[in-house]
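Trainee: I should like to examine this model with you, one feature at a time. May we begin once the sequence and structure are on view?

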Amino acid sequence: MKFSKITALLTIATLVPLNAGATANVLPVPVYEYFSSTDINGSVTIELPENVKADVDITIDTPELSSQPYYSEKSLDSSSSYTFRLEGRDKTPDDYQTYTLSVMISSSEKYMEKPYTFTFDVPDGNDHPDSFADYKFVFTADDTESAESWETVSENGTELSILVHLKSNSKGDVNGDGSVNSIDASLIMAHYTSLSAENGKPVLNEGQKSAGDINGDGSVNAVDASLAMAYYSYVSTNPNISIDDFLSKYLA
Ligand SMILES: [Ca+2]
Ligand SMILES: [Ca+2]
């Protein structure tokens, strides 16, 4: 009787969200095939601002493996926080493991040019009790024009606040280099082709998809790629026409 009460209390305790303020804390599942939960001695918690999505990748470097996927989460939603559990290991020159966190945040029309990255180690919990490494990254986002995709706003031990600067691409300019040409058409086709395949992954991020949907019908496909090419060839003889003006003529 006594034990079952204790068990019930423990069960309740594990259901309490780890972070007050976030609606729920999600524990993503590692993709690393050698993951051993008994070796967990660290974690990375990510909190996202409202109205964004995030792709979060954690890779591991060891003497045998370089940039091996450890976690790979796509389109994480802003309404939750996420805790990625990590194994610890004692480090020697020929036996190490180093993690690299990579976070790409996007909104429906804006995206990060470069991912936020952070490289760190997790010590071995058996040899170093009380060494649990609990990193926390609190992200905020704005659309300030900046040469940098992100900046560290504050750093308090292992808790970091990161401000990301989201940018948007103009219509047709999928890669954001300032012009619409065959590179953009190729990216649109690569995205469409990849998603048409079984288990295909998107090539374009949210902001790029928005720029790639040239005719604005909600999907990015061969029609948009041919419109990019048509505009590119038209602009070579009519250099001052905007893509919107071109489209209103061409699609009329
Ligand atoms: Ca371009
Ligand atoms: Ca379209």
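Mentor: We begin with Asp130, which is found in the loop between S7 and S8; helices (H or I, at least four residues) and strands (E, at least two) are DSSP runs, numbered from the N terminus. This is a predicted model, in which local features need pLDDT of at least 70 and side-chain atom pairs count only at pLDDT 80 or more, while totals for chains, interfaces and linings use all residues. Residues are numbered from 1 along each chain as its sequence is written, and chains are lettered from A and ligands numbered from 1 in the order in which they are written.

Trainee: Is Asp130 buried or exposed?

Mentor: A residue is buried if 20 or more other C-beta atoms lie within 10 Å of its own, exposed if 12 or fewer, and partly exposed in between, with C-beta atoms placed from the backbone. Asp130 has 5 C-beta neighbours inside 10 Å, so Asp130 counts as exposed.

Trainee: What is the phi of Asp130?

Mentor: Most residues other than glycine have a negative phi. Asp130 is not a glycine, yet its phi is positive, at about 65 degrees.

Trainee: Which residue in the loop between S2 and S3 has a positive phi near 60 degrees?

Mentor: The residue sought is other than glycine. It is exposed because it has 10 other C-beta atoms within 10 Å. The residue in that loop is Asn51.

Trainee: How far apart in space are Pro129 and Gln97?

Mentor: Pro129 has its place in the loop between S7 and S8. Pro129 counts as exposed because it has 8 C-beta neighbours inside 10 Å. Pro129 and Gln97 are 32 residues apart in sequence, and their C-alpha to C-alpha separation is 18 Å.

Trainee: What is the strand order of the open sheet of 6 strands?

Mentor: Two strands pair if DSSP finds at least two bridges between them. The pairing in this sheet is mixed, and the edge strands, each paired on one side only, are strand S1 (25–26) and strand S9 (150–156). The order is S1-S5-S2-S8-S10-S9.

Trainee: Which residue of S5 stands opposite Ile46?

Mentor: Strand S2 (residues 40–47) and strand S5 (residues 81–87) run antiparallel and are joined by 7 bridges. Opposite Ile46 in S5 stands Tyr82.

Trainee: In what order do the strands of the 4-strand sheet lie?

Mentor: This open sheet has antiparallel pairing, and its edge strands are S4 and strand S7 (116–120), each pairing on one side only. Bridges number 7 between S3 and S4, 9 between S3 and S6, and 5 between S6 and S7. The order is S4-S3-S6-S7.

Trainee: Which residue of S7 stands opposite Thr100?

Mentor: In the pairing of S3 with S4, Ile58 stands opposite Tyr71. In the pairing of S3 with S6, Asp61 stands opposite Thr98. For Thr100, the residue opposite in S7 is Thr119.

Trainee: How many residues does the largest nonpolar core contain?

Mentor: A nonpolar core is a set of buried Ala, Val, Leu, Ile, Met, Phe, Trp, Tyr and Cys residues joined through C-beta atoms within 7 Å. Val44, Ile46, Ala54, Val103, Ile105, Phe139 and Val164 touch the most other members. Elements giving two or more residues to this core include S2, strand S3 (53–61), strand S4 (68–77) and strand S6 (98–106). The core has 32 residues.

Trainee: Which residues does Val44 touch?

Mentor: Two residues are in contact if their C-beta atoms, placed from the backbone, lie within 7 Å. Residues up to four places away in sequence are not counted, and the partners of Val44 are Ile58, Phe84, Leu86, Leu101, Tyr135 and Phe137.

Trainee: Which helices are among those covering the buried residues of H2?

Mentor: Helix H2 (residues 182–196) has 15 residues. Its buried residues are Asp184, Ala185, Leu187, Ile188, Met189, His191 and Tyr192. What covers them includes helix H3 (206–212) and helix H4 (222–237).

Trainee: What is the radius of gyration of the protein?

Mentor: The protein has 5 helices and 10 strands. The globule rule (2.2 Å times the number of residues to the power 0.38, with the radius taken over C-alpha atoms) gives 18 Å for 252 residues. The protein is more spread out than a compact globule, because its radius of gyration is well over that value, at 23 Å.

Methods. The expected span of a helix is 1.5 Å times one less than its number of residues.
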